[in-house]
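Let's take a walk through this chain together. Keep the viewer open as you read, and turn the model as each region comes up.

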Amino acid sequence: MGNTATTIEQQIEKLSERGLIFENDNEIEKAKETLLDVGYYRLGFYWYYFQNPKTHKFNENIKLNDVVKLYYFDFDLKMLLLRYIYRIEVHFRTQLIYLASNHYSENSTWYIDPKIVDSRIFKEFNNIYYILKTKNNTLIKHHNKHSGNYAPAWKVFEFLTFGQCFKFYSNLKNQELKKIISSSYGIRDVKLLNNYFSSLISIRNICSHNGILFDYNQSYGIKRIPNLRYRIKTNNTKTRLNLSHLPKGIYFLEQATENIVLTNKIIKL
């Protein structure tokens, strides 16, 4: 649609010219409702799969409802995975806080100690912490009551993102401690855990920031899951969601919660 704003009527006209079928006035009225609800631009990410990529003409017999079904499938998949990835996130955060804080039991702010954590992440973190201690009620109350520049890890990490928590884990200097934490998931190879969690975090970010998930390709290779029960054979070096990320998510959920219902929900969806 270029760089000029268009009306709903103009949008429907453009879609019709490209071959999208509107059989009657009811379908046109429904299309107006949908475009005002979801938006022309957002739906465009999904009707791309029903078009010739060069001409942007729709394939034969395509209706807007076909596009909407794909949009809501992707939406439901993201909401489903986001719920379970959140469980992995909480579990991982708990392992990191508990195991690292008890390992360094005399240093409640171990996460800012350059002897414990690679100092290259401190500059970015200090910007994050400044926002937290000036905007977050828990940390504001802490600093009003206690001296010191930083709050204990168990207070701070509850307000960090999955990616931020994982960055601290990745930058721990004590390799044995990292292995102890990764063993919570039946994995002793720290590099393997880095690979899996990096992919899960990227999926989490797509779910949270309205990206397209069902057709997502990871930008790097995914290593094999250590348990044969979760492996899916594929010749692709960059495997799609249904061939790589879902089995990995299921694997971590079972390690973290010992209660797996995600598989059946995905199959139903």
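What follows is a short report on the overall fold, two helix regions and a few loop residues.

## The chain as a whole

This is a predicted model. The chain holds 12 helices and zero strands, and read along the sequence its pattern is α-α-α-α-α-α-α-α-α-α-α-α.

Of the 269 residues, 42% count as buried. Among contacts in the chain with a separation of 6 or more, 62% are accounted for by residues 24 or more positions apart.

## Helix H9 and its buried side

A good place to begin is helix H9, which spans residues 175-182. Its buried residues are Leu 177, Lys 178, Ile 181 and Ser 182. These four cover an arc of only 135° around the axis, so they sit on the same side of H9.

What do the buried residues of H9 pack against? Their partners are helix H4 (64-103), helix H8 (162-170) and helix H10 (190-208). At the N-terminal end of H9, Asn 174 acts as a cap, with a side-chain oxygen 3.0 Å from the backbone nitrogen of Glu 176.

## Where H3 meets H4

Next, look at helix H3, residues 40-47, beside H4. Their axes come within 9 Å and cross at roughly 90°, which makes H3 roughly perpendicular to H4.

On the H3 side, the residues involved are Arg 42, Leu 43, Tyr 46 and Trp 47. They meet Leu 64, Val 67, Leu 70, Tyr 71, Asp 74 and Lys 78 in H4. By character, the residues of this contact divide into seven nonpolar, no polar and three charged.

## The loop between H3 and H4

The loop that links these two helices has residues worth a closer look. Tyr 48 is found there, and this tyrosine is partly exposed, with a relative accessible area of 44%. Tyr 48 and Phe 58 are 10 residues apart in sequence, and their C-alpha atoms are 8.5 Å apart in space.

Asn 61 also has its place in the loop between H3 and H4. Is Asn 61 buried or exposed? Asn 61 is exposed, with a relative accessible area of 62%. Its backbone deserves a glance too: Asn 61 has a positive phi of about 60° although it is not a glycine.

## The loop between H10 and H11

Further along, Asn 210 lies in the loop between H10 and H11. Asn 210 has a positive phi of about 65°, and it is not a glycine.

Asp 215 is placed in the loop between H10 and helix H11 (245-257). With a relative accessible area of 18%, Asp 215 falls under the 20% cut-off and therefore counts as buried. Which side chain does the side chain of Asp 215 touch in a polar contact? The partner is the side chain of Tyr 49, at 3.0 Å.

## Thr 161, ahead of H8

One last stop is Thr 161, in the loop between helix H7 (153-156) and H8. Thr 161 is partly exposed, with a relative accessible area of 34%.

Leaving aside neighbours within four places in sequence, Thr 161 is in contact with Glu 89 and Arg 93. Thr 161 and Ile 201 are 40 residues apart along the chain, and their C-alpha atoms are separated by 9.7 Å.

Key. Residues are numbered from 1 along each chain as its sequence is written. This is a predicted model: local features need pLDDT of at least 70, side-chain atom pairs count only at pLDDT 80 or more; totals for chains, interfaces and linings use all residues. Side-chain values use heavy atoms; hydrogens and water are left out. Buried means under 20% relative accessible area, exposed over 50%, partly exposed in between (1.4 Å probe, protein chains only). The arc is that of the directions from the helix axis to the C-beta atoms. Contact means heavy atoms within 4.5 Å. A polar contact is a pair of N or O atoms within 3.5 Å; within protein, one must be able to donate a hydrogen and the other to accept it, and residues adjacent in sequence count only if both atoms are side-chain atoms. Axes are lines fitted to C-alpha atoms, for helices over the stretch in contact, and angles run from 0 to 180 degrees between N-to-C directions. Angles under 35 degrees count as roughly parallel, over 145 as roughly antiparallel, 65 to 115 as roughly perpendicular and the rest as oblique. Ala, Val, Leu, Ile, Met, Phe, Trp, Tyr, Cys and Pro count as nonpolar, Asp, Glu, Lys and Arg as charged, and the others, Gly among them, as polar.
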